[in-house]
Amino acid sequence: MEQIENLPKDFCSTMNEYIVHMIKLAEKLSGLMCENLGLERDHIKDAFSGTKGPSVGTKVAKYPQCPNPELVKGLREHTDAGGIILLLQDDQVPGLQFLKDGEWIAVPPSKNNTIFVNTGDQVEILSNGRYKSALHRVMAEKNGSRLSIATFYNPAGDAIISPAPKLLYPNHFRFQDYLKLYATTKFSDKGPRFESMKQMANGNDSLLP
C-alpha cells in the first residue's frame with residue numbers, strides 16, 4: 001500500500017493488516033475445501049504456489065449512484081478467473097447478484113463485517129468440477145453508491161494448474177475390462193470400482209479380482 005502516493009499512513013497500515021487476515025482466511029478455506037474433497041490439506045495452496053507462492057491482490061471498487069439503473073449494469077455477468085475471492089461489500093447499498101438454478105439471487109449488504117466467499121475458475125479446474133466458479137454480476141443502484149473490497153487469492157503466474165489426479169474419473173480403459181470388474185461388484189459402492197479402474201490405467205491390476 002505504501003507504493004501508492006498520497007494515502008494516509010493509518011489507512012495503509014489498516015489495509016496491510018486486513019490483507020494479512022484475508023490471506024489467512026483464504027488458506028483456511030482452501031484447506032477445508034481440500035479436506036472436503038479428500039485431498040491433502042495443502043493441495044490447493046501448493047498448486048497455487050508456483051515458484052513464489054500464491055498471488056494475492058485486493059481491489060477497492062466504487063459503483064456510483066445511477067439515476068436510471070434499468071438502462072445499465074454496474075458490471076456484466078462473469079466468473080472470476082482466479083481462485084478464492086473474499087468480498088467485503090457495502091453495508092447499506094446492495095447490487096451483487098449470483099446465478100443459482102437459473103435465477104439471479106441478490107446478495108444483501110455486508111452487515112457486521114460479513115465476508116462473502118466466491119470461487120473462481122481455477123478452483124473449479126483443480127476440483128475437477130466439484131466446486132463451480134459462480135456466475136455473478138453487479139446491478140446499478142439509484143439509492144446510493146456501492147463500495148466493495150475484494151481480495152483475490154489466486155495462483156502464481158507460473159503455477160501449473162490441472163485437476164487433482166485423485167479426483168479424476170478412470171479413463172482410457174476397455175469397456176470389457178470394466179464389465180469384468182462390474183460383474184463382481186455390481187451391488188457394491190461404485191467408488192472402489194472406479195478406483196480399481198484407475199489402478200488398471202496406471203498399470204497396476206492388483207485390486208482386480
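**Exercise 1: the main core**

Task: find which residues of the largest nonpolar core touch the most other members, and work out which elements supply the core.

Solution. Start with the hubs: in the largest nonpolar core, which has 21 residues, Tyr18, Leu39, Phe48 and Ile84 touch the most other members. Keep in mind that you're working with a predicted model. Next, sort by element. Helix H1 (9–37), helix H2 (43–49), strand S3 (84–89), helix H3 (121–126) and strand S8 (146–154) each put in at least two residues. H1 gives the largest share, with eight residues. There's also another core apart from this one, made of eight residues, including Ala61, Leu87, Val107 and Ala150.

Now zoom in on one hub. Skip the neighbours within four places in sequence, and Leu39 is in contact with Cys34, Ala164, Lys166 and Leu167.

**Exercise 2: the largest pocket**

Task: describe the largest pocket by its volume, its lining and the classes of its lining residues.

Solution. First, the volume: the largest pocket holds about 240 Å³ of space. Second, the lining: 19 residues line this pocket, and Asp80, Ile85, Leu87, His136 and Ala150 lie nearest its centre. Two of those names should ring a bell, since Leu87 and Ala150 are also among the members of the eight-residue core.

Third, go through the elements. Strand S1 (55–63), strand S2 (75–78), S3, strand S4 (96–100), strand S6 (116–119), strand S7 (136–138) and S8 each give two or more residues to the lining. S8 has the largest share, four residues. Last, the classes: count 12 nonpolar, four polar and three charged residues in the lining.

**Exercise 3: salt bridges and their surroundings**

Task: say how many salt bridges there are, then take the pairs Lys73 with Glu77, Arg174 with Asp177, and Lys198 with Glu195, and decide for each partner whether it is buried, partly exposed or exposed.

Solution. The idea behind the search is plain: side chains of opposite charge can pair when their charged atoms come close. The count comes to five salt bridges. To sort the partners you need the cut-offs: under 20% relative accessible area is buried, over 50% is exposed, and anything in between is partly exposed.

- Lys73 and Glu77: their side chains meet at 3.0 Å, N to O. Lys73 has a relative accessible area of 41%, so it's partly exposed. Glu77, at 37%, is partly exposed too.
- Arg174 and Asp177: the N to O distance is 2.9 Å. Arg174 comes in at 52%, so it counts as exposed. Asp177 has 16%, which means it's buried.
- Lys198 and Glu195: the N to O distance is 3.0 Å. Both residues sit in helix H5 (residues 190–201), three residues apart, about one turn of the helix. Lys198 is buried because its relative accessible area is 14%, while Glu195 is partly exposed at 36%.

**Exercise 4: positive phi without glycine**

Task: for Asp101 and Asn113, give phi, place each residue among the strands, and decide whether each is buried or exposed.

Solution. Take Asp101 to begin with. Its phi is near 55°, a positive value in a residue other than glycine. Asp101 is in the loop between S4 and strand S5 (103–106). With a relative accessible area of 73%, Asp101 is exposed.

Then do Asn113. Here phi is about 60°, positive again although Asn113 isn't a glycine. Asn113 belongs to the loop between S5 and S6. Its relative accessible area is 62%, so Asn113 is exposed.

Notes
Residues are numbered from 1 along each chain as its sequence is written. This is a predicted model: local features need pLDDT of at least 70, side-chain atom pairs count only at pLDDT 80 or more; totals for chains, interfaces and linings use all residues. Side-chain values use heavy atoms; hydrogens and water are left out. A nonpolar core is a set of buried Ala, Val, Leu, Ile, Met, Phe, Trp, Tyr and Cys residues joined through side-chain atoms within 4.5 Å. Buried means under 20% relative accessible area, exposed over 50%, partly exposed in between (1.4 Å probe, protein chains only). Contact means heavy atoms within 4.5 Å. On a 1 Å grid over the protein atoms alone, a cavity is a set of points where a 1.4 Å probe fits but cannot get out, and a pocket is an open set with protein on both sides within 12 Å along at least five of seven lines; lining residues have an atom within 4 Å of a point. Grid points are joined across faces, edges and corners, and a volume is the space filled by probe spheres set on the points. Ala, Val, Leu, Ile, Met, Phe, Trp, Tyr, Cys and Pro count as nonpolar, Asp, Glu, Lys and Arg as charged, and the others, Gly among them, as polar. A salt bridge is a side-chain nitrogen of Lys or Arg within 4 Å of a carboxyl oxygen of Asp or Glu.
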